[in-house]
Structure formats: structure tokens, C-alpha cells
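Dear colleague,

I am passing on the structure we spoke of, and below it you will find notes on what turned up when its side chains were examined. Please read them with the coordinates open beside you.

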Amino acid sequence: IILCLLATASCQKAPDSTPCSDPIGCIHIHPSDPIIIGALQALSGSAAINGQVQLNGIRLALQERGQSILGHPITLAVEDSRCSAEGGTSSALKIALNLNTVAVIGTLCSESGRTASKILSDAGIVMISGANSAPSLTSVNGKKGTNWQPGYFRVMHNGARIAEAAA
């Protein structure tokens, strides 16, 4: 996930004179600016152990990259999405307030992903989840889910395919 975000962040870097044709907008990173990546994970409640494991993985990946990419220092902005719709909303709003955020890793739970993905996508921030499986967040058989957002991506399988895959 980290490598996908870092590749995405580096692809978004463009001179100010470059026209933007991306549907959720473009982020221009100046040579001296840090790259800010949000981490929305369940850090309290019954899912906190899993959220902490994911956060540790993110931190380890950043450490292995020397906390930088393309000469930019990486700043990690961590918020507790609490594995709930309300937590997804409040954590996404906090992350979206920082106009220098280029991407978000998270959420752990689909319930918080449903609300966070809308806020972040509307703010022009890409979100990549490693754990959301709710079919409504992406598409099934080419039909957009009810919570589909243009800036939302996941590396987890679509929950609509779980039974099929198990069979």
C-alpha cells in the first residue's frame, strides 16, 4: 500500500503551469515541501489491535524508505477512525483540513471507509485501503457501488466475491 501511495504521490507532482485533468484534482508539491500522508486506522475500541498492526506496518515501510521520497520528507498524519461511520467522518475531516495531504492509507473498517472516502475524494485526496471489503465501496460486475468515490482504491478483495472465491 505504501509503495502505491508513494508512486501516486510522485505522479501527482507537477509544475504549477501544468493543467490538471484528473477527476478529483491535482496536488502540486513544491521542491521544499514535505509529502503528507494520512493514516486512518482504528486505534481505539475492539478493532484497535488490528489498526495498530496496520499503523506499525505503515511506519515500518516509511522507515525503510528513510522517511522520504524524491527528496521530500514524509510526514505521517495519524487519526483514529474508530471503526465507525462517525470516526471515519471526524478523522477524514481532520486530514482533509491540511491542504498538503497527498494521500491516505486506511481505513481498517468498511463502515468508516464509507464516510471517509466521500470526504477525502471531495477534497481531492486519494485513499487506499488494505482492509475494506464492502462491495458498496467499489463496483461489482462493472456497476458502481452506492458508496463508490473516484479517489477511493483498495487492495482488499471485494466482499461480493468472498463466497465465490471460497467455493
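Aromatic pairs number zero in this structure, which, please keep in mind, is a predicted model. An aromatic ring does nevertheless take part in a contact of another kind, since the charged end of Lys144 sits over the ring of Trp148, at 4.0 Å from the centre of that ring.

The cysteines deserve a longer account. A disulfide is a covalent bond between the sulfur atoms of two cysteines, and with sulfur atoms within 2.5 Å taken as the criterion, the count in this model comes to two disulfides. When the bonded cysteines are counted along the chain, the disulfides follow the pattern 1-2, 3-4.

One of the two links joins Cys20 to Cys26, with an S to S distance of 2.2 Å. The torsion about the S-S bond of Cys20 and Cys26 is about 85°, and the disulfide is therefore right-handed. As for the surroundings of its two ends, Cys20 has a relative accessible area of 41% and is therefore partly exposed, while Cys26, at 36% relative accessibility, counts as partly exposed as well.

The other link joins Cys83 to Cys109, and here the S to S distance is 1.7 Å. The torsion about the S-S bond of Cys83 and Cys109 is -90°, and this link is left-handed. The pair connects distant parts of the chain, given that Cys83 lies in the loop between β3 (72-80) and α3 (85-96), whereas Cys109 lies in the loop between β4 and α4 (110-122), with 26 residues separating the two in sequence. Are the ends of this link, Cys83 and Cys109, buried or partly exposed? Cys83 is partly exposed, because its relative accessible area is 28%, whereas Cys109, at 13% relative accessibility, falls under the 20% limit and so counts as buried.

A last point concerns strand β4, which spans residues 101-106 and contains Val102. The relative accessible area of Val102 is 1%, and this residue is therefore buried. Val102 and Met127 are 25 residues apart in sequence, and their C-alpha atoms are 9.2 Å apart in space.

If you look at one region of the model before the others, I would suggest the link of Cys83 and Cys109, where a partly exposed cysteine is joined to a buried one.

With best regards

Terms used. Residues are numbered from 1 along each chain as its sequence is written. This is a predicted model: local features need pLDDT of at least 70, side-chain atom pairs count only at pLDDT 80 or more; totals for chains, interfaces and linings use all residues. Side-chain values use heavy atoms; hydrogens and water are left out. Helices (H or I, at least four residues) and strands (E, at least two) are DSSP runs, numbered from the N terminus. Buried means under 20% relative accessible area, exposed over 50%, partly exposed in between (1.4 Å probe, protein chains only). Rings of Phe, Tyr and Trp (its six-membered ring) pair if their centres lie within 6.5 Å; planes under 30 degrees apart count as stacked, over 60 as edge-to-face and the rest as tilted. A charge sits over a ring if NZ of Lys or CZ of Arg is within 6 Å of the ring centre and within 35 degrees of the ring normal.
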